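Here's a walk through one model, starting at its ligand and moving on to a pair of helices. Keep the 3D view open as you read.

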Amino acid sequence: RIPIWLDCDPGHDDAVAILLSCFLPQFELLGISASYGNASPEKTAYNALSLLTAMGKCNQIPVYAGAQRPWVRKAIYAPDIHGQSGLDGTNLLPVPRAQLRSDKSYLEAMTEAIETHSGDISLISTGSLTSVATLLREKPHLKSKIRYISIMGGGIHVGNRNENESAEFNIWIDPQAANSILQDPEVNNKCILIPLDLTHKAIATKDVESRVLSDGSTNFRRLFYDLFVFFGHSYENAQGFESGAPVHDPLTLMPLLELYKLQSSEAIKFEYKRLELNAVESENSPDLGQTKVFKEHSKNSNKGTIVGFDLNIQYFWDQVYLALNLASQE
Ligand code: BDR
Ligand code: CA
C-alpha cells in the first residue's frame with residue numbers, strides 16, 4: 001500500500017479526498033493535517049474530525065491542526081464556494097467523536113510519518129501549500145525521504161478567482177509557500193501538480209449524484225449526495241458551471257496508483273508534462289497567484305514538476321463509488 005499523509009482544508013472536494021484516502025485499499029492514510037483555507041483552521045479541523053467520525057475512522061486516523069495562516073498574505077477563505085462552515089449543505093455531519101491530537105505538532109507528526117516510511121511515503125496537499133512548505137523549510141533533510149508530493153493547485157490555461165481570473169485558489173492564498181516548493185530543485189521534480197485544466201473534467205453531474213444514492217440511500221451516502229448538490233449550486237452561482245461542480249482534490253490520488261505501479265497506465269491514462277513553474281507573488285500584480293510555466297522538459301526527464309492534463313475520469317468516478325461502497329459496509 002502507498003503510505004500517504006493528507007494536508008487538507010475540508011471543503012466539499014477535500015471530503016472526497018478523505019473518503020478515497022481512507023477506503024481505497026491501495027492507500028495507507030497515516031494522518032491528516034487540517035489547515036486554514038476554505039474556512040478557518042478551527043472549522044476545517046472540525047470538518048475533518050466530523051467526516052472521519054461519519055466514516056467510522058475517527059479513532060484510527062490522527063488529525064492534527066495544520067498551518068494556521070499563510071506565510072505573507074492575510075488569510076482568505078472561500079465561503080462563496082464552501083459556505084460559512086467550509087462544509088455547508090448537509091445536516092448529516094455528526095458531532096466529532098475524537099479531538100485534534102495534541103501530543104505533538106503537525107510538523108512533528110509529519111516528520112515521524114516520513115521517517116518511518118522513508119523513501120516510500122507521498123504527501124498529498126489539497127489546500128494551500130503552507131503546511132508542506134513550512135515542514136520542508138524547517139526540516140530540509142526530509143526532502144530526500146519523500147517519494148512524491150501530489151498537489152491540487154494551479155491552472156495552466158484556466159483560473160478560478162473572480163478577483164484575478166488567472167489564478168487558482170490554493171496557490172493564490174499562499175503564493176510564497178507555493179513557490180518555495182515549485183522552485184526548489186530538490187523537490188519540484190517530485191511534485192505532481194493537478195491543475196484546474198484537469199480537475200474541470202471531473203464534474204459531479206446529476207448522473208454522478210444519482211449514482212451516489214443508487215446503491216442504497218444510507219445516511220452516509222446522503223451526506224455525500226448533499227455535499228455534491230451544495231457544491232454544484234455554489235459552482236453554478238459563483239463560477240457559472242451549469243452541469244455540476246468540479247471535484248478537484250481527490251484527483252491527486254489517482255496518478256500515484258500509476259506511478260507506484262499499482263494500476264496499469266492503460267486504466268488510469270494519466271497524461272502529464274514536466275514543467276518548471278512559479279507562482280506570481282507580487283501583491284499588486286494582476287497575475288497574483290497565477291502559475292506560470294517557464295520551461296518544458298521531455299516526459300522522460302526527471303526535471304520539472306509532473307503537471308497532469310488528463311486522466312481516465314470514468315476510472316476516477318469508479319474509485320469514488322467503490323470507496324462509498326466500502327465505507328457503507330463498515
Ligand atoms: C481548490 O480550492 C478549494 O476551494 C478546493 O477545495 C480545492 O482544493 C480548487 O481551486
Ligand atoms: Ca481543498
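The shell around ligand 1 is a mix: 7 of its residues are polar, 4 are nonpolar and 4 are charged. Which of the 15 residues around ligand 1 come nearest? Those are Gly11, Asp13, Ala78, Phe169 and His248. To see where part of this shell comes from, look at helix H1 (12-23) and helix H6 (169-172), each of which supplies at least two of the residues.

Bear in mind that this is a predicted model. Its mean pLDDT over the chain is 96, with 99% of the residues at 70 or more. As for the overall scores, ipTM comes out at 0.99 and pTM at 0.98. A general caution still applies: where pLDDT is low, predicted coordinates shouldn't be read in detail.

Now swing the view over to helix H5 (residues 130-138) and helix H7 (residues 175-182). Their axes come within 9 Å of each other and cross at roughly 55 degrees. Because of that angle, H5 counts as oblique to H7. The crossing of H5 past H7 is left-handed.

So much for the geometry; what about the side chains? Which residues of H5 meet H7? On the H5 side you'll find Thr130, Val132, Ala133 and Arg137, and their partners in H7 are Ala177, Ser180 and Ile181. Sorted by character, the residues of this contact split into 4 nonpolar, 2 polar and 1 charged.

Notes. Residues numbered from 1 in each chain as written. Chains lettered and ligands numbered in written order. Predicted model: local features only at pLDDT ≥ 70, side-chain atom pairs only at ≥ 80, totals over all residues. Near = placed C-beta within 6 Å. Helix = DSSP H or I, 4+ residues; strand = E, 2+ residues; numbered from the N terminus. Nonpolar A, V, L, I, M, F, W, Y, C, P; charged D, E, K, R; others polar. Axes fitted to C-alpha atoms, helices over the stretch in contact; angles between N-to-C directions. Parallel < 35°, antiparallel > 145°, perpendicular 65-115°, else oblique. Left-handed = near helix turned anticlockwise from the far one by under 90°. Contact = placed C-beta atoms within 7 Å. pLDDT = per-residue confidence, 0-100.
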